[in-house]
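Got your viewer ready? Load the model, and let's walk through it one selection at a time.

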Amino acid sequence: PYSVSVVVPARNEAPSVGAVLEGAHPYADELLLIDGRSTDETRQIAKQRGARVLMDDGRGKGAALRQAISEVTSD
């Protein structure tokens, strides 16, 4: 069987990130949030929902997704 990682890019998504991660949780073996330098509680909420949190390198959303994908541990 394969394992599944879910990568969520986010920036200042505190109102919705919890629901997004909870919705993905039943299907994911790994949750990874790549944060675009949020100034709200996005990172804390993601950690509370069991996601591993990375900070993006500031080169844009595509680069952030590539950065996160290089960090996944699932298939």
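In which loop is Asn-12 found? Select Asn-12 and look on either side: you are in the loop between β1 (5-10) and α1 (14-24). Those labels are DSSP runs, numbered from the N terminus: helices are H or I with at least four residues, and strands are E with at least two.

Before moving on, some ground rules. This is a predicted model, where local features need pLDDT of at least 70, side-chain atom pairs count only at pLDDT 80 or more, and totals for chains, interfaces and linings use all residues. Residues are numbered from 1 along each chain as its sequence is written, and side-chain values use heavy atoms, leaving out hydrogens and water.

Stay on Asn-12 and check its backbone: phi is positive, about 55°, although Asn-12 is not a glycine. Asn-12 has a relative accessible area of 29%, so it counts as partly exposed (buried is under 20%, exposed over 50%, partly exposed in between, with a 1.4 Å probe and protein chains only).

Now jump to Arg-37. Where does Arg-37 sit? You'll find it in the loop between β2 (30-35) and α2. Arg-37 also has a positive phi, near 65°, and it isn't a glycine either. With 43% relative accessibility, Arg-37 is partly exposed.

Next, color by pLDDT, the predictor's confidence in each residue, from 0 to 100. The chain averages 94, and 100% of the residues score at least 70. Select helix α2 (residues 42-48) to see the element with the highest mean, 98. Then click helix α3 (residues 61-69), which has the lowest, 90.

Time to zoom out and switch to cartoon view. You should count 3 helices and 3 strands. Follow the chain along its sequence and the pattern reads β-α-β-α-β-α.

How far does the C-alpha trace span along its principal axes? Turn the model around: the spans are about 40 × 25 × 15 Å. The radius of gyration is 12 Å, which agrees with the value near 11 Å for a compact globule of 75 residues. That radius is taken over C-alpha atoms, and the globule rule is 2.2 Å times the number of residues to the power 0.38.

For a last selection, pick out the buried residues: they make up 35% of the 75 residues in the chain. Then show contacts, meaning heavy atoms within 4.5 Å. Of the contacts with a separation of 6 or more, 56% come from residues 24 or more positions apart.
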